[in-house]
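Hi,

Here is the structure I promised to pass on, with the sequence alongside. Please have it open while you read my notes.

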Amino acid sequence: MTFTIAIDGPAAAGKGTLSRRIADEYGFHHLDTGLTYRATAKALLDRGLPFDDEAIAADVAQNLDLAGLDRSVLSAHAIGEAASRIAVMPSVRRALVEAQRGFAAREPGTVLDGRDIGTVVCPDAPVKLYVTASPEVRAKRRYDEILAGGGAADYGTILDDIRRRDERDMGRADSPLKPADDAHLLDTSEMSIEAAFSAAKSFIDAAL
Ligand code: C5P
């Protein structure tokens, strides 16, 4: 039997970094499920297909290849926005969740991060983490990241985007973002990645 670690939380809370660290530490496979929504959105954009047609979006989602996902080509802001729009469509979610569950079954273990892993995709995962931070801290991290990469950014615009994305992700009817009842909460507002990692490690080691 494989061992799955489910990591959820809002945008820019630090789940990605934490998930990669955990996957490296335990030699587990890692899937950033946000990329499955982003890749579906990008395929629609690239082909000039509409965003409001659920049947078309679900068809694209069904044919998604998990092997080809790469954040560096899917990181554009417009793709994230489009992803959160198609993520409200139940038949898009059904197709992507099925692929994600297939991934979660890989041996010897898996780390999946997203918005609904502990609640919907892998409700029986033996370890669930809900990683969060205040919108202001998350906006500041995004802002610093963009500047460090040589780009230009406006903090206020980023904060507005984060708030809007939170509202959409937490407010949708199908699989809203929320902590599973049995998730460990990690608020990284005033916590280093090192401290978050060691807290996560102690929860995992206790369950292994
Ligand atoms: O995490 P990331 O910003 O890449 O995700 C993009 C969008 O995909 C999110 O805003 C959310 O709407 C959607 N998503 C989701 N369920 C997941 C992962 C991402 O609805 N498990």
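Below is what I found, starting with the model itself and then moving to the ligand.

Please keep in mind that this is a predicted model. The mean pLDDT of the protein is 96, and 100% of its residues reach 70 or more. As for the scores of the model, ipTM is 0.99 and pTM is 0.96.

Now to the ligand, which sits in the largest pocket. The shell around the ligand is made up of 15 residues, and the closest are Arg38, Arg71, Arg93, Asp116 and Asp169. By residue type, 8 residues of the shell are charged, 4 are polar and 3 are nonpolar.

Which helices each supply at least two residues of that shell? They are H2 (34–46), H5 (77–86) and H9 (155–171). Helix H2 gives the largest share, with 3 residues.

Three arginines are worth displaying with their side chains. In Arg38, a polar side-chain atom is 2.6 Å from an oxygen atom of the ligand. Arg115 places a polar side-chain atom 2.9 Å from a ligand oxygen. For Arg172, an N or O atom of the side chain lies 2.9 Å from an oxygen atom of the ligand. On its own the ligand has 450 Å² of accessible area, and the protein covers 97% of this.

If you would like to begin somewhere, try Arg38, which is among the closest residues to the ligand and has the 2.6 Å pair with a ligand oxygen.

Happy viewing, and do write back with any questions.

Best wishes

Terms used. Residues are numbered from 1 along each chain as its sequence is written. This is a predicted model: local features need pLDDT of at least 70, side-chain atom pairs count only at pLDDT 80 or more; totals for chains, interfaces and linings use all residues. Side-chain values use heavy atoms; hydrogens and water are left out. A residue is near a molecule or strand if one of its heavy atoms lies within 4 Å of it. A polar contact is a pair of N or O atoms within 3.5 Å; within protein, one must be able to donate a hydrogen and the other to accept it, and residues adjacent in sequence count only if both atoms are side-chain atoms. Accessible areas come from the Shrake-Rupley method with a 1.4 Å probe; for residues, only the protein chains shown count as cover. On a 1 Å grid over the protein atoms alone, a cavity is a set of points where a 1.4 Å probe fits but cannot get out, and a pocket is an open set with protein on both sides within 12 Å along at least five of seven lines; lining residues have an atom within 4 Å of a point. A molecule sits in a cavity or pocket if more than half of its atoms lie within 2 Å of its grid points. Helices (H or I, at least four residues) and strands (E, at least two) are DSSP runs, numbered from the N terminus. Ala, Val, Leu, Ile, Met, Phe, Trp, Tyr, Cys and Pro count as nonpolar, Asp, Glu, Lys and Arg as charged, and the others, Gly among them, as polar. pLDDT is the predictor's confidence in each residue, from 0 to 100.
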